Every structure is written in C-alpha cells, then in structure tokens.
Amino acid sequence: MAVQKKSMIRSGIGAITSLIGIVLLVLAVLRWREIEWPAMLWLIAFFVQTAIRAPSSIRNAKNTISTSQKDAVEVALLMGMFATMMVLPLLYLGLGVFAFADYGLPEWAAAVGAALMAISLWIFWRSHADLGRNWSPGLEVRDGHELVTNGIYARIRHPMYAAIWGAAAAQPLLVQNWIAGFLVLPAFALMWFIRVPKEEAMMRRQFGPAYDAYCGRAGRLFPKGFA
C-alpha cells in the first residue's frame with residue numbers, strides 16, 4: 001500500500017513562501033506611486049494570478065497524496081521559480097533594489113508584454129478550473145487522482161506550463177530589469193526541461209495506456225497540428 005502524505009501545499013515550505021510573498025507584496029503596493037506603468041501591470045497581474053490560485057490551494061490542501069516526487073531537485077526547481085517569479089520582482093518593486101540592472105524598452109514592447117500576460121492569465125485560470133482537485137504545486141498524485149482530458153486539456157497536455165511560459169516571457173517586457181525581470185526565463189526553462197519528463201513519466205505509471213492515448217491526441221504546449 002502506498003504511504004499517504006500531505007500535499008506540498010500544507011508543507012512548511014508552502015507556509016514560508018506564502019508569508020514571504022505577502023510581506024513583499026505589501027511593500028510593493030506601498031510604493032505604487034513610484035512604479036512605472038509596465039511594472040504596475042505586472043503587479044496587477046501578480047494579484048490576479050494569486051487570486052486564481054488561492055481557491056485551489058485552500059481546497060486542495062485537504063488532498064491526501066499517494067505518490068510524491070518531492071526530492072532535492074524538485075524543491076530546488078520550485079525555489080528557483082519562487083525566487084525569480086515572485087521574490088526578485090517584488091523586492092525590486094517594493095524596496096527599489098537591483099536598480100543598477102535596469103534596462104529600457106520601447107512602449108510597444110511593454111504592450112506586447114501586457115498582451116502576453118493577459119493571455120497567460122486566461123490560460124492559467126482555465127487550467128485551474130479544469131483540473132479541480134487534481135492540481136498540486138508539486139509532482140504529486142492524490143488519492144482518487146483523475147486523468148483530466150476535458151476543457152483546455154482536451155487539446156493541450158500542459159496548459160498551465162503554457163500559461164507560465166507566457167507570463168515568464170512577459171515579465172522582462174514589463175519589469176525591465178536583468179535581475180528582477182529577465183532571470184525568470186532561464187529558471188523556468190530549466191524547470192520545463194527537467195520537470196516535465198518526470199511529470200509525464202509519473203502520469204504514464206499512474207494511467208498507463210490511457211495516458212499514451214491522450215498524448216497521441218493532445219500536444220504538450222500547443223494543439224496537435226498547430227502551425
């Protein structure tokens with residue numbers, strides 16, 4: 001019998017990251033008058049992203065986990081994303097640090113970033129809505145885990161990663177700083193290439209031929225046959 005575990009959402013890491021995020025978010029909001037409009041759009045998008053994920057985090061914290069791959073590599077990848085997608089930009093906006101690494105882009109680049117962020121937020125919301133109780137921040141399988149193949153998952157296997165790719169691409173266009181804005185791209189690329197093969201192997205072990213058939217119908221980030 002598989003050993004039952006608590007979801008990563010209820011781990012000490014989850015509590016610490018949530019606390020850090022709240023403190024830094026408050027600091028950034030207090031400096032809103034000093035923040036330029038592209039970075040302010042990023043901050044608003046961060047609020048929206050948090051609002052999308054919070055209900056799933058609260059509900060799914062009650063999940064009982066039957067399989068978990070929370071090893072040192074997984075924790076390091078999650079911490080890298082937490083640092084580059086949350087801590088560094090919020091430190092930059094809340095405390096004004098890293099200003100020495102600023103760069104400037106034309107307004108059209110910021111507009112492209114805003115459009116990318118808007119699309120990614122919609123995909124992010126749709127992904128959480130369709131996954132329901134099956135979402136987890138870590139490589140985990142819950143008791144009663146289902147293979148979700150409806151909604152946005154009917155044609156894309158990893159829409160949530162697609163949403164994060166969009167947000168990661170938008171971040172350096174909105175937060176125009178090599179540390180606070182740009183570093184999220186290599187951090188997420190590393191997560192994508194290391195974590196996704198592990199995640200798909202875990203799903204294949206859990207669902208067998210049904211998952212193979214699903215992979216034949218749905219693309220990883222884009223629908224099959226997408227030009």
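I'll start with one side chain: that of Arg 157, which reaches the backbone oxygen of Ala 218 at 2.7 Å. Bear in mind that this is a predicted model.

Let me stay with Arg 157. This residue is found in the loop between strand E3, residues 140–142, and helix H5. Is Arg 157 buried or exposed? Its relative accessibility is 12%, so Arg 157 counts as buried, the cut-off being under 20%. Besides the backbone oxygen of Ala 218, the arginine has a side-chain partner: a polar contact of 3.0 Å joins Arg 157 to the side chain of Glu 200. Setting aside neighbours within four places in sequence, the residues in contact with Arg 157 are Glu 200, Tyr 211, Tyr 214, Cys 215, Ala 218, Gly 219 and Arg 220.

One name on that list leads to the next stop, Tyr 214. This tyrosine lies in helix H8, residues 209–217. Tyr 214 has 2% relative accessibility and therefore counts as buried. Which backbone oxygen does its side chain reach? That of Tyr 153, at 2.5 Å. Beyond four places in sequence, Tyr 214 touches Leu 147, Val 148, Thr 149, Tyr 153, Ile 156 and Arg 157. Take Leu 147 from that set: 67 residues separate it from Tyr 214 in sequence, and the C-alpha atoms are 9.1 Å apart in space.

Back to the loop between E3 and H5, where Arg 155 also lies. Here the accessibility reads another way: Arg 155 has a relative accessible area of 52% and so is exposed, the cut-off being over 50%. Arg 155 still has contacts beyond four places in sequence, namely Ala 218, Gly 219, Phe 222, Pro 223 and Lys 224. Its C-alpha is separated by 9.1 Å from that of Leu 221, which is 66 residues away along the chain. Ala 218 and Gly 219 appear in the contacts of Arg 155, and they appear in those of Arg 157 too.

Moving along the chain, we come to Pro 159, in helix H5, residues 159–174. With a relative accessible area of 0%, Pro 159 is buried. Its contacts, again beyond four places in sequence, are Ile 123, Ser 127, Ile 152 and Tyr 153. Pro 159 and Ser 127 are 32 residues apart in sequence, with 6.2 Å between their C-alpha atoms. Tyr 153 is touched by Pro 159, and Tyr 153 also supplies the backbone oxygen reached by Tyr 214.

Now the whole chain. How many helices and strands does the chain have? There are 8 helices and 3 strands, and from the N terminus the elements run β-α-α-β-α-α-β-α-α-α-α. The chain has 227 residues, of which 49% count as buried. Among contacts with a separation of 6 or more, 84% are between residues 24 or more positions apart.

Next, a helix pair. Packed helices are described by the angle between their axes and the distance between the axes. For H2, residues 37–60, and H4, residues 107–131, the axes come within 10 Å and cross at roughly 5 degrees. That angle is under 35 degrees, so H2 is roughly parallel to H4. The H2 side of the meeting includes Trp 37, Leu 41, Ala 45, Val 48, Ile 52 and Ser 56, and the H4 side includes Glu 107, Ala 114, Leu 121, Phe 124 and His 128. Why might such a list step along a helix? An α-helix has 3.6 residues a turn, so residues three or four places apart point the same way.

H2 also holds Asn 60. Asn 60 is buried because its relative accessible area is 0%. Its side chain makes a polar contact of 2.9 Å with the side chain of Arg 59, and a polar atom of the Asn 60 side chain lies 2.9 Å from the backbone oxygen of Trp 135.

Last, two bent helices. H7, residues 184–207, has 24 residues and reaches 32 Å from its first C-alpha to its last, close to the 34 Å expected. Where is its kink? At Arg 195, shortly before Pro 197, and the kink is about 35 degrees. Just after H7, Gly 208 takes a positive phi of about 60 degrees. H3, residues 72–95, has a kink of about 40 degrees centred on Ala 83. Just after H3 comes Gly 96, with a positive phi of about 75 degrees.

How values were computed
Residues numbered from 1 in each chain as written. Predicted model: local features only at pLDDT ≥ 70, side-chain atom pairs only at ≥ 80, totals over all residues. Heavy atoms only, no water. Helix = DSSP H or I, 4+ residues; strand = E, 2+ residues; numbered from the N terminus. Buried < 20%, exposed > 50% of the residue type's maximum accessible area, 1.4 Å probe, protein only. Contact = heavy atoms within 4.5 Å. Polar contact = N/O pair within 3.5 Å; in protein donor to acceptor, adjacent residues only side chain to side chain. Expected span 1.5 Å × (residues − 1). Bend = angle between axes of the 7 residues up to and from the residue. Axes fitted to C-alpha atoms, helices over the stretch in contact; angles between N-to-C directions. Parallel < 35°, antiparallel > 145°, perpendicular 65-115°, else oblique.
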